[in-house]
Amino acid sequence: MKTLHTLVAAAVVAVATLSAPVATAHASLKSSNPAANAVLDSSPKEIALMFNEKVEPAFSSITLTGAAGRVPAGALSDKAKATVDNANPAILRLVLPPLPAGAYTVAWAVAGPDGHRRKGEFTFTVK
C-alpha cells in the first residue's frame with residue numbers, strides 16, 4: 001500500500017511539473033545579417049537582428065562603431081535609429097548608408113515583453 005501511495009504521489013508531482021506554464025525567456029539573438037564575423041565584399045544595406053521573441057521598440061537599439069570605437073565619419077546621421085519590423089516584431093533593423101572598408105562592431109540592446117533588457121555585440125568586416 002505504501003508503494004502505491006508513493007507512486008501516486010510521484011505521478012501527481014510529475015504531472016504538476018510538466019503542466020506548469022513555462023516562464024517566458026528573455027529576448028535572445030537567434031541570427032543576424034550580416035552574420036557575426038562575416039567578411040563582406042561590399043557594404044550591407046542594413047543590419048537585421050532576429051530575436052526569439054518580439055522586442056519592444058522604445059527599449060531596443062543598434063549601435064554601429066568602426067575602428068577606434070568611432071562611427072565612420074558621415075556614415076550614420078544622428079537621426080539613424082533602429083526600428084522594429086512591422087511584419088515581424090522579433091526583427092530589429094538599422095538602415096545603413098554605404099560603409100567604407102573596415103572592421104565594424106554592432107552593439108545591440110533589446111527588451112522583450114517581460115521588460116528585461118539584454119545586450120550583446122558582434123563584429124563584421126567590409127573589404
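**Exercise 1. In what order do the strands of the open sheet with mixed pairing stand?**

Solution. The model is predicted: local features need pLDDT of at least 70, side-chain atom pairs count only at pLDDT 80 or more, and totals for chains, interfaces and linings use all residues. Residues are numbered from 1 along each chain as its sequence is written, and side-chain values use heavy atoms, with hydrogens and water left out.

Step 1. Fix the terms. Strands (E, at least two residues) and helices (H or I, at least four) are DSSP runs numbered from the N terminus. Two strands pair if DSSP finds at least two bridges between them.

Step 2. Read off the order. The four strands of this open sheet follow the order E2-E8-E7-E4, and their pairing is mixed.

Step 3. Find the edges. Strand E2 (38–40) and strand E4 (61–65) are the edge strands, and each pairs on one side only.

Step 4. Give the twist. On average, neighbouring strands of this sheet are turned by 25 degrees against each other, direction ignored. Axes here are lines fitted to C-alpha atoms, for helices over the stretch in contact, and angles between N-to-C directions run from 0 to 180 degrees.

**Exercise 2. Work out the sense of pairing on each side of strand E8.**

Solution. As background, strands of a sheet pair through backbone hydrogen bonds, either parallel or antiparallel.

Step 1. Take E2 with E8. These strands pair in the parallel sense over three bridges. Val39 has Thr125 of E8 as its bridge partner, and Leu40 stands opposite Val126 in E8.

Step 2. Take E7 with E8. The two run antiparallel and are joined by ten bridges. Ala111 stands opposite Arg117 in E8.

Step 3. Look at the connection. E7 and E8 form a hairpin with five residues between them, and Gly115 in the turn has a positive phi of about 85 degrees.

**Exercise 3. Describe the open sheet that contains strand E1.**

Solution. Step 1. Four strands form this open sheet, in the order E1-E3-E6-E5, with antiparallel pairing.

Step 2. Strand E1 (29–33) and strand E5 (83–84) are at the edges with a single partner strand each, so one side of each has no neighbour in the sheet.

Step 3. E5 pairs with strand E6 (residues 91–95) in the antiparallel sense over two bridges. Thr83 stands opposite Arg93 in E6.

**Exercise 4. How many aromatic pairs does the model contain?**

Solution. Step 1. State the rule. Rings of Phe, Tyr and Trp (its six-membered ring) pair if their centres lie within 6.5 Å; planes under 30 degrees apart count as stacked, over 60 as edge-to-face and the rest as tilted. The count under this rule is two aromatic pairs.

Step 2. Classify Phe51 and Trp108. Their ring centres are 5.1 Å apart and their planes stand at 70 degrees, so the pair is edge-to-face. Phe51 lies in strand E3 (residues 46–51) and Trp108 in strand E7 (residues 102–111), so the pair ties together parts 57 residues apart in sequence.

Step 3. Check their burial (buried means under 20% relative accessible area, exposed over 50%, partly exposed in between; 1.4 Å probe, protein chains only). Phe51 is buried at a relative accessible area of 3%, and Trp108 counts as buried at 9%.

Step 4. Classify Tyr104 and Phe124. Here the ring centres are 5.5 Å apart and the planes are at 25 degrees, so the pair is stacked. Tyr104 in strand E7 and Phe124 in strand E8 (residues 117–126) are 20 residues apart, and the pair links distant parts of the chain. Both residues, Tyr104 and Phe124, are buried.

**Exercise 5. Identify the backbone features in the loop between E1 and E2.**

Solution. Step 1. Pro34 is found in this loop. The peptide bond from Asn33 to Pro34 is cis, with omega near 5 degrees.

Step 2. Asn37 also lies in the loop between E1 and E2. Its phi is near 65 degrees, a positive value in a residue other than glycine. Asn37 counts as exposed at 60% relative accessibility.

**Exercise 6. Where is Gly120, and is Gly120 buried or partly exposed?**

Solution. Step 1. Gly120 has its place in strand E8.

Step 2. With 21% relative accessibility, Gly120 counts as partly exposed.

Step 3. List its contacts (heavy atoms within 4.5 Å). Neighbours within four places in sequence aside, Gly120 is in contact with Val106, Ala107 and Trp108.
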